[in-house]
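Thank you all for coming. Please take a moment with the sequence and the model before I walk you through a helix pair and the cores.

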Amino acid sequence: MNIVRLVQKNKTISACLTVCILAVVLCGCGFFRADKAARDLGRKTLKGPVLSEKDYQELLAGTESRYGSGHPEVAVVLNGFARFHYERGNYEQARELYDRALSIDMQTMGPEHTVVARDLANLAGTVFALGEYPEAKSLYEHALANYEKNGGVGHAVRKATLLNNLAEVLHALGDYDGAETLYVRALNSSEQVHGPNHPETATVLSNVARFYKVVGNYAAARRMYDRALSITGKAYGPDHPETATVLNNRAGLYYAVNEFLEAEKLYKRALSIDEAEYGANHWLVAVRLNNLGEVRFAQGDYGQARVLYERALVIAQETRLPELLWRVQFNLAFVLNRQGNRQAAVFFGKAAVNTIQQLRFEIRSLERHFQSSFMKTKMHVYRFLADVLIDLGRFPEAQQVLRMQKEEEYFDFLRRTAAHSDVRSTMAGYSEAEHSWVQRYRTLYEKIAGLAGKSRLLEAILPQDRTAQEVKRYRQLEKELKVARKTARRYLDEHIEEFDSADGKQLAQASPESRDTQPQWQRTLRDLGHGAVIIHYVLTDEKLRILLTTADRQLCRDVTVSARDLKRKIVDYRTVLQDPRSTHLQKAAELYRIVLGPIAGDLKQAGAETLMLSLDGPLRYLPVAALHDGERYVVERYQLAVYTAAAGMRDMAAPGTQWRVGGFGLSKAVREFDPLPHVPQELEGIIRRDREDPDGVLPGVIYLDELFSEGSLKEVLAASFPAVHIAGHFKLNPGTHRQSYLVLGDGSRLPLSRLMGGGYDFGGVELMALSACNTAVGGAEANGSEIECFGTLSQDLGAEGVMATLLPVADQSTGILMQDFYRLHSEQPGRTKAEALRLAQMNLINGRFDYSERQPAMRGMQIERIEEQAGMESTGTDPAKPYAHPFFWSPFILMGNWL
């Protein structure tokens, strides 16, 4: 019976509230779904709710009139009204009502009351649907803490569902470890509270199974899906929406293990159930269509996959659910690319990237590891878009997309404050031709969304309760919606075909955001001189793309090599380089053929002398200087510098004529770090303390061991020394700037996070040199991003150029190389830092230096010696060239301003 009619029969608001409370509980505001009746009342159906919108409006007005707007009874009605909107996808309206209910209950009952926990959970579910994961996570955590504190059997029921819901949030964020822990707790709790064969347990089983499918534990996923499907089939029947959800998830497992026919069969069953239950334009229908499209794509039926994706896209645009939208946009882009319509693939790829960027901005308040894990599951979209743009020769746009990715790595590493620009709000730019389509696209879907919203509001009124005007308006809206949706589908097809037949040159006209990128780079390269070129590397699953920019042109070369194989080759070569007795030239030549060989002729034609390298993934760990072309090392042909995309080419001014050096060193053993006995000689060989000092190359000051402190470092920076040289231990860990640190003279740690906010101003420092161990390399779990992040951070702090190391370095040879570097840089005005480093490295290769006893003591961490293996011949070290092996000279890299 309609509740309003029940109220009219009883003539009291109290009776209304009694039944309303029952309805709210049964409908499961956030989590209260105790039995089949509750699920039937709480279904996401548009067919006939217990209360209509008009009923709720009248009920709310009457309750506020009797009790006042801040009474708890009003909060009960608000919760029911919010749930009403939630089930129809009106999330913003639901959020507003849930917010009002929460505010009332907080004021009247206090923050620790379980009713407040209910309100928090209700609101959490709504903001989660809106893609606002940080707020959803926080709300669920507060609700869960409330129930854990209060205890009780009834609260245990709610805890089980809250654990599941919070696990869903962590799963969406890509925090798989945290999600698994909560899923297991949720399942155990549900089995204890409800029993192993209850529908609530089936819901958790399905979610846990979906999680195990994502992480690749297919056997566990299969067991749980089968249990869930058995429970829902018995509880609801074969054609219930709950059964459809499990069918859909079970189909996903078949898809994951390449059983496509079985997957298609179950997806079609789920689609049929949901269309009958919700209508043809519900967001769940879009999910099923997208899933079916993926199955058809996997079977090679690209035409049918595209049809399904297009249907899903119209619905996804209408419902405006970002998580669904970016997936459909990306899938459509992917299939269009496979069909050869790359211009349209770019358009929808940009749309997918921009939808993800909006989500990234929404989660900006979350802890760093949540933001990082969230993006790891979506970076393939950025790489796909960049890859297609490169194929089309739209290099500036590709570089813009890649820069968005690298800027995010830097943001992630720094966990920057509001004072820094938030790159997560950056959007992929559209060309002028694309922009006209964007405008038409938005106008069309905004119209559909507006009509759909109005229609849902009228649809919520029971047919018998609608006025004649409302009936007429509803019919008119449905007609307009039908036409608009049909127009959208037709426009989408026409849109795609227009892209396919459009002038590629017109489409490739760069967006305003990237239009000046290529000419600006080429002007900068001409201004820099020294034969400077930029080489961008993009590593995909199956090939390495090398994008070369010279002062006159831009081109791309491809190398067929998988990301896995290239990483293995780099790791193998790094291992060989850490043994000065090893035979390394074969591996050096193999990597040269991959990394520089494809553009060797182009570099020669361009007259390249200085290679500015923008590296990707494991390439960031490769000492490029030590690659060998069969005749010479790369460093014997080119001077090298690492180009950090997040920092760009700022501060590329020519250096001053004369350097003073602020020198810092640690020679004693501290904590877990070994002594560095040659550090004093290194600093003395570089720095001349006064005119009577015969050894130093440049004037300056030295702070050794206990004198090396935060205070002395700040003192040197305040005195504006052009060069700051630190010989000691630096630990660069993957993760954030808080986990990486410089070891001071007393053994204490100076983390990068304190360098950022502790009054350290490197402005005016033309070179910050860290001749320590692995200053630019993190641990085994690193992906290479910390190298660029460290270089960019140093430039952010004010240092124009940075010298660091990619591998452990030998103590004495490092001192020789460093003294030679400063001498070479100072003896010839205008000589660049990159050229001075190159010449110093070549002097070690050719034995052109003065040295005393050769001593292979390791600087920094002691590395495990690589024993000679069977078949490995000795390098036969030339006594006249004791440091010719790249072990001694190849770890050093320059980042930033190399002039």
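At what angle do helix α22 and helix α23 pack, and how far apart are their axes? Helix α22, residues 432-459, packs against helix α23, residues 468-501, at an angle of about 155°, and their axes are 9 Å apart; axes here are lines fitted to C-alpha atoms over the stretch in contact, with angles running from 0 to 180 degrees between N-to-C directions. The angle therefore makes α22 roughly antiparallel to α23, a term used for angles over 145 degrees. By class, the contact of α22 with α23 has 16 nonpolar, 3 polar and 10 charged residues, where Asp, Glu, Lys and Arg count as charged, Ala, Val, Leu, Ile, Met, Phe, Trp, Tyr, Cys and Pro as nonpolar, and the others, Gly among them, as polar.

I should say that this is a predicted model, in which local features need pLDDT of at least 70 and side-chain atom pairs count only at pLDDT 80 or more, whereas totals for chains, interfaces and linings use all residues. Residues are numbered from 1 along each chain as its sequence is written, and side-chain values use heavy atoms, leaving out hydrogens and water.

Turning to the interior, 59% of the 899 residues of the chain count as buried, meaning under 20% relative accessible area with a 1.4 Å probe, protein chains only. In the largest nonpolar core, a set of buried Ala, Val, Leu, Ile, Met, Phe, Trp, Tyr and Cys residues joined through side-chain atoms within 4.5 Å, there are 145 residues, of which L313, F348 and L492 touch the most other members. Leaving aside neighbours within four places in sequence, F348 is in contact (heavy atoms within 4.5 Å) with residues including L313, Y441, L492 and I496. Apart from that core lies another, of 87 residues, among them I599 and A836.

Notes. Helices (H or I, at least four residues) and strands (E, at least two) are DSSP runs, numbered from the N terminus. Angles under 35 degrees count as roughly parallel, over 145 as roughly antiparallel, 65 to 115 as roughly perpendicular and the rest as oblique. Buried means under 20% relative accessible area, exposed over 50%, partly exposed in between (1.4 Å probe, protein chains only).
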